[in-house]
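Please open the model in a viewer and keep the sequence panel at hand. The tour proceeds by selection, one stop after another.

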Amino acid sequence: MYVIRNVCPIFVICAAAALLVGCPTGEGPTITFAPGPGVSAEVLALEQLAHSMINDERDRDGDAPLTMRDDLRRVARAHSEDMIARNFFDHTNPDNENPWDRMRAVGISWSSAGENIAWNNYSNQAEIAIQGWMNSTGHRNNILNGGFTHTGMGVAFDGAGGAYFTQVFIRE
């Protein structure tokens with residue numbers, strides 16, 4: 001997997017620029033997602049705003065909009081929450097599970113897939129995350145990949161003013 005990482009004190013961003021092509025095979029690890037005791041209106045609103053902004057970028061590029069799927073959204077949100085709970089920032093969690101493992105564990109199949117992650121603590125968090133992704137080749141390639149048809153945008157707040165964004169992309 002090709003990973004791009006820009007690190008500064010108030011903004012961290014990372015992208016999986018490599019795409020997994022071909023049907024996933026084999027048994028993935030068993031992963032239990034614990035997305036918490038409910039999702040706040042603030043989280044849902046930020047996820048929807050970021051999703052809309054991504055589709056605006058795709059529209060400007062002449063690509064069809066991505067359809068938000070609830071199962072992909074739950075996987076993405078659970079990864080954002082996991083990064084906070086276990087204090088890491090990466091596509092691969094401390095159990096060595098990657099985005100493909102996490103999707104496979106809940107029965108999601110695809111012909112190609114990708115993931116973008118970001119963190120920032122600005123007041124306009126969605127705008128900054130999307131701007132950062134669009135200024136990074138790997139992120140931009142995922143966002144503007146016309147082959148991707150569905151997405152899940154998952155946001156979690158770290159309690160110190162920061163928002164973690166995870167977006168997964170698939171082609172069914």
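Which residue of β6 does F157 stand opposite? Select F157 and look across to β6: the residue facing F157 is A163. The model is a predicted one, and each stop below should be read accordingly.

**Overview**

Colour the chain by secondary structure. The protein comprises five helices and six strands, and from the N terminus on the elements follow the order β-β-α-β-α-α-β-α-α-β-β. Of its 172 residues, 51% count as buried. Among contacts with a separation of 6 or more, 72% are accounted for by residues 24 or more positions apart.

**Strands β5 and β6**

Next, select β5 (150-157) and β6 (residues 163-171) together. Eight bridges join these strands, which run antiparallel. Five residues lie between the strands of this hairpin, and G159 takes a positive phi near 85° there. Colour β5 by accessibility: the strand is mostly covered, with seven of its eight residues buried.

Now add strand β3 (residues 67-68), which pairs with β5 in the parallel sense over two bridges. To locate the pairing, select T67, whose bridge partner in β5 is H150.

**Strand β4**

Extend the selection to strand β4 (residues 112-120). Nine bridges join β4 to β6, and the two run antiparallel. Select S112 to find one of these positions; its bridge partner in β6 is R171.

How many of the nine residues of strand β4 are buried? Nine of the nine are, so the strand is largely enclosed by the rest of the structure. In a regular strand the side chains alternate between the two faces of the sheet. Display the side chains of β4 to inspect each face:

- S112, G114, N116, A118 and N120 are buried on one side.
- A113, E115, I117 and W119 are buried on the other.

**Aromatic pairs**

Show the aromatic rings. The structure holds three aromatic pairs. One of them is formed by F148 and F169, which are stacked at 5.4 Å centre to centre with 25° between the planes. This pair links distant parts of the chain: F148 lies in the loop between α5 (137-143) and β5, whereas F169 is in strand β6, 21 residues apart. Both F148 and F169 are buried. Then select F89, W119 and Y164, which ring pairs link into a cluster.

**Helices α1 and α4**

Select α1 (41-61) and α4 (residues 125-134). What angle do α1 and α4 make where they pack? The angle is about 35°, with the axes 9 Å apart. The crossing in which α1 passes α4 is right-handed. At this contact, L46, L49, A50, M53, I54 and E57 in α1 meet Q125, A126, E127, I130, W133 and M134 in α4.

Helix α4 is mostly covered, with eight of its 10 residues buried. The buried residues are Q125, A126, I128, A129, I130, G132, W133 and M134.

**Residue Q125**

Centre the view on Q125, which is found in α4. Is Q125 buried or exposed? Its relative accessibility is 10%, and because buried means under 20%, Q125 counts as buried. Leaving out residues up to four places away in sequence, Q125 touches L46, N120, F157, G161, G162, A163 and F165. The opening pair, F157 and A163, therefore reappears among the contacts of Q125. For a distance check, pick the C-alpha atoms of Q125 and L49: they are separated by 10.0 Å, with these positions 76 residues apart along the chain numbering.

**Nonpolar cores**

In soluble globular proteins, nonpolar side chains tend to be buried together. The largest nonpolar core here has 21 residues, and those with the most contacts inside it are I54, I130, W133, I143, M153 and F165. At least two residues of this core come from each of α1, α4, β5 and β6. Select I54 and display its neighbours: not counting residues up to four places away in sequence, I54 touches L66, I130, W133, I143, M153 and Q167. Apart from this core lies another, of 10 residues, including V75, W100, W110 and I170. Selecting those four residues ends the tour.

Methods. Residues numbered from 1 in each chain as written. Predicted model: local features only at pLDDT ≥ 70, side-chain atom pairs only at ≥ 80, totals over all residues. Heavy atoms only, no water. Helix = DSSP H or I, 4+ residues; strand = E, 2+ residues; numbered from the N terminus. Buried < 20%, exposed > 50% of the residue type's maximum accessible area, 1.4 Å probe, protein only. Contact = heavy atoms within 4.5 Å. Phe/Tyr/Trp six-rings, centres within 6.5 Å; stacked < 30°, edge-to-face > 60°. Core = buried A, V, L, I, M, F, W, Y, C linked by side-chain atoms within 4.5 Å. Pairing = 2+ DSSP bridges. Axes fitted to C-alpha atoms, helices over the stretch in contact; angles between N-to-C directions. Left-handed = near helix turned anticlockwise from the far one by under 90°.
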